[in-house]
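Biologist: I have a model open on my screen and I don't know how to read it. Can you walk me through it, one feature at a time?

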Amino acid sequence: MSAKVFKQLPTFTARTYRGGLLLRQFLKMENAVDDHYPEDWISSFVEAKNKNFVKNEGITRVSVDQKDRLINEVVESSDFGEGRKNSGVLIKLLDAAERLGIQAHPTKEYSKKYFNTPYGKTECWYIISTRDENACVYLGFKEHVTREYFKTLFETQNIPEMLNAMHRFEVSAGDVILVSAGTPHAIGAGCFLLEIQEPTDYTMRVEKQTSTNEALTPQQIHYGVGEEAMLDCFSYVGSDKETVRKRHFLPKRQAGHKVFDLVRYTDTDCFALKKIEGGEYQSKENHFVTVVVLEDGGTLCYDDCTISLEQGEKYFIGANTEFTLRDAVAILCYPPKIQ
């Protein structure tokens, strides 16, 4: 059986916030600017849940025989791996020129109850670069925050105090931040990151308008479940800043010669991440793998093919495909652990 390897094309997806300059520069596109398409969805079989629905928006485009195809047209269930009916994961390149709205994502239990899907939205951010030294993220409620107090802030739309209810962390390239479902958070302006998450696009928001004063509809805020249920999505476990840092910021762990574990299945069973920093890395997994190339140089080899790699390239590698990375700097993204 021949190897299943697909090169992925940029798949920009509309969002309510502006960004994308660093993303497009990373992808080596000319005339890079910030706009409302600040995310590139990778190995995505998920449609974006935007105010203005566009069929197939968010589903990754791939190059097959020099033709532009949708990934769900060319990937078969067997390519995911034995015992897998779908990918179980969604990966993005995300570039925020402005702060994203204060939000939380549903747990699996919440999603089953309200959205009839088995997936929540635990996610992880790998910081690729920042626009300046002020880049930050907001994570987790402080110790004094209760549901009643946060509801009051929501009802009065006291945005400064909503932000102050969470811990602010400055970030820099190489940081790995695991955000479990239910965790209140906001990505700050100036963060360019790779995000891996469970494969849904459900975001429960507490700000009723964007940073450019565009009003959000109730559907954009809570998908029709109502404000009380939306507030129930947030975890009100208040903690001090150092506890939150230890809970969410993951260490870079050696896993081999120039191989590092960023996220292990012991951290979450939703996905895993490795970083390759050169050398030779050989692999043959019983599930698919997504490769995101961080720097120019090195090669990807499989069957009788050798591909010279460039920064920003992304590859879907089907299950049971033997491949080798040589002298490459890349992130390897893995699907959920099968229980």
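Biologist: Let's begin with the sheet: what is the order of the nine strands in the open sheet?

Modeller: Before that, keep in mind that this is a predicted model. To read a sheet, you walk across it from strand to strand. Here the walk goes S5-S4-S1-S22-S19-S24-S17-S16-S15, and the pairing is antiparallel.

Biologist: Which strands stand at the edges?

Modeller: Those are S5, residues 67–70, and S15, residues 253–256. Each has a single partner strand, so one side of each is left without a neighbour in the sheet. Also look at the turn from strand to strand: neighbours in this sheet are turned by 35° against each other on average, ignoring direction.

Biologist: Can we zoom in on one end? How many bridges join S15 to S16?

Modeller: Three, and the two strands run antiparallel. One example to click on is Gln-254, whose bridge partner in S16 is Phe-260. The hairpin of S15 and S16 has two residues between the strands, and Lys-258 there takes a positive phi near 60°.

Biologist: And on the other side of S16, how many bridges pair S16 with S17?

Modeller: Four, again in the antiparallel sense, with S16 covering residues 259–263 and S17 covering residues 272–277. Asp-261 has Lys-274 as its bridge partner in S17, while Phe-260 has Lys-275. So you can follow Phe-260 both ways: Gln-254 in one direction and Lys-275 in the other.

Biologist: Is S16 mostly covered or mostly open?

Modeller: Mostly covered: five of its five residues are buried. Compare that with a residue in the edge strand. Gly-256 is found in S15, and at 27% relative accessibility it counts as partly exposed. Try drawing a line from Gly-256 to Ile-276: they are 20 residues apart in sequence and 9.4 Å apart in space, C-alpha to C-alpha.

Biologist: Next, the inside. How many residues does the largest nonpolar core have?

Modeller: The general idea comes from soluble globular proteins, where nonpolar side chains tend to be buried together. In this model, the largest nonpolar core has 38 residues, and those with the most contacts inside it are Leu-93, Leu-194, Leu-273 and Ile-331. Take Ile-331: leaving aside neighbours within four places in sequence, its contacts include Tyr-126, Leu-194, Leu-262, Leu-273 and Val-292. There is also a second, separate core of 28 residues, and Phe-154, Ala-186, Tyr-202 and Phe-234 are among its members.

Biologist: I keep seeing rings side by side. How many aromatic pairs does the count come to?

Modeller: It comes to 16. To read a pair, look at the distance between the ring centres and the angle between the planes. Phe-80 and Phe-288 are 5.7 Å apart, centre to centre, with 65° between the planes, which makes the pair edge-to-face.

Biologist: Why does that pair tie together parts that are 208 residues apart in sequence?

Modeller: Because Phe-80 lies in helix H3, residues 77–80, whereas Phe-288 lies in the loop between strand S18 (280–283) and strand S19 (289–293). Both Phe-80 and Phe-288 are buried. They also belong to one aromatic cluster together with Phe-6, Phe-45 and Phe-316.

Biologist: Which ring does the charged end of Lys-252 sit over?

Modeller: The ring of Phe-260, at 4.3 Å from its centre. That is the Phe-260 you followed from Gln-254 a moment ago. For another case, find Arg-245, which lies over the face of Phe-249, 5.7 Å from the ring centre.

Biologist: Last one, backbone angles. What is the phi of Asn-31?

Modeller: Near 55°, a positive value in a residue other than glycine. Asn-31 is in the loop between helix H1 (21–26) and strand S3 (39–42), and at 70% relative accessibility it counts as exposed. Asp-65 is another case, with a positive phi of about 50° although it is not a glycine. Asp-65 is found in the loop between strand S4 (61–64) and S5, and it is exposed, with a relative accessible area of 69%.

Methods. Residues are numbered from 1 along each chain as its sequence is written. This is a predicted model: local features need pLDDT of at least 70, side-chain atom pairs count only at pLDDT 80 or more; totals for chains, interfaces and linings use all residues. Side-chain values use heavy atoms; hydrogens and water are left out. Two strands pair if DSSP finds at least two bridges between them. Axes are lines fitted to C-alpha atoms, for helices over the stretch in contact, and angles run from 0 to 180 degrees between N-to-C directions. A nonpolar core is a set of buried Ala, Val, Leu, Ile, Met, Phe, Trp, Tyr and Cys residues joined through side-chain atoms within 4.5 Å. Buried means under 20% relative accessible area, exposed over 50%, partly exposed in between (1.4 Å probe, protein chains only). Contact means heavy atoms within 4.5 Å. Rings of Phe, Tyr and Trp (its six-membered ring) pair if their centres lie within 6.5 Å; planes under 30 degrees apart count as stacked, over 60 as edge-to-face and the rest as tilted. A charge sits over a ring if NZ of Lys or CZ of Arg is within 6 Å of the ring centre and within 35 degrees of the ring normal.
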